[in-house]
Amino acid sequence: MKKSGLILCTTLLFTAPSFAAYERNKAVPVQQVLFGEVRSVRNITEQELVQDKANGWKTFGGALLGGVIGNQFGGGSGRTAATILGSVIGGSIAHNKQQISHYNEYHLVELMIKVENGEQFMVVQDVDSQMRFNTGDDVRLVYLSDNTVRVDKSY
């Protein structure tokens, strides 16, 4: 009993970012619904580092532009050296300018829920500004056919 709750909690904790795409107004098949009461609520955040995926193209563009500018100087083998040096410098400058990464921050809520048969489940899901949970709220655990669980207030 406790083992299944722990497995559910662990699974949901590591798959939480996938819930960010949940659409509340979308019809989906339901496998099971359990009713219970919220025992505790904890708001948490999860950060994900995102690298700029266009970095390679920007570096290539910088090298190309640097090569074109370097090709304007010198003559013969000096022009070739200036073109190569311009490409290296242009690519390096563009690459260093684009070494920017940022964080996406997911706002999650951790709910400890005691269902009608006495079992307790911990669910981590994305925060929905339209549905704030408090201790003592009556809720339903909706098990969806894609092996995810969603908690909603029970009305």
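This passage describes the fold, the nonpolar core and selected residues of a predicted model of a protein chain.

In the predicted model, the protein chain contains three helices and five strands, and these elements succeed one another along the sequence in the pattern α-β-α-α-β-β-β-β. Of the 155 residues in the chain, 30% are buried. The surface that the chain exposes amounts to about 10,200 Å², of which carbon and sulfur atoms supply 56%. Among the contacts with a sequence separation of 6 or more, 68% are accounted for by residues that lie 24 or more positions apart.

The largest nonpolar core comprises 14 residues, and those with the most contacts inside it are Leu111, Ile113, Phe133, Val139, Leu141 and Val151. At least two residues of this core are supplied by each of strand S2 (101-115), strand S3 (120-126), strand S4 (138-144) and strand S5 (149-153), with the largest share, four residues, coming from S2. The surroundings of isoleucine 113 can be given in further detail: when residues up to four places away in sequence are not counted, Ile113 touches Val139, Leu141 and Val151, which are also listed among the core residues with the most contacts. The set of residues touched by Ile113 further includes Gly36, Glu37 and Arg39, as well as Glu119, Gln120 and Phe121.

Two loop residues were examined individually. Asparagine 134 is found in the loop between S3 and S4, and its relative accessible area of 47% places it in the partly exposed class, because that class spans the values between the 20% limit for buried and the 50% limit for exposed residues. Apart from residues up to four places away in sequence, asparagine 134 touches Val38 and Val41. The C-alpha atoms of asparagine 134 and glutamate 37 are separated by 9.7 Å, although the two residues are 97 residues apart along the chain; glutamate 37 is also one of the residues touched by isoleucine 113.

Threonine 148, by contrast, lies in the loop between S4 and S5 and has a relative accessibility of 16%, so that it counts as buried under the 20% limit. The side chain of threonine 148 is joined to that of aspartate 146 by a polar contact of 2.6 Å.

How values were computed. Residues are numbered from 1 along each chain as its sequence is written. This is a predicted model: local features need pLDDT of at least 70, side-chain atom pairs count only at pLDDT 80 or more; totals for chains, interfaces and linings use all residues. Side-chain values use heavy atoms; hydrogens and water are left out. A nonpolar core is a set of buried Ala, Val, Leu, Ile, Met, Phe, Trp, Tyr and Cys residues joined through side-chain atoms within 4.5 Å. Buried means under 20% relative accessible area, exposed over 50%, partly exposed in between (1.4 Å probe, protein chains only). Contact means heavy atoms within 4.5 Å. A polar contact is a pair of N or O atoms within 3.5 Å; within protein, one must be able to donate a hydrogen and the other to accept it, and residues adjacent in sequence count only if both atoms are side-chain atoms. Accessible areas come from the Shrake-Rupley method with a 1.4 Å probe; for residues, only the protein chains shown count as cover.
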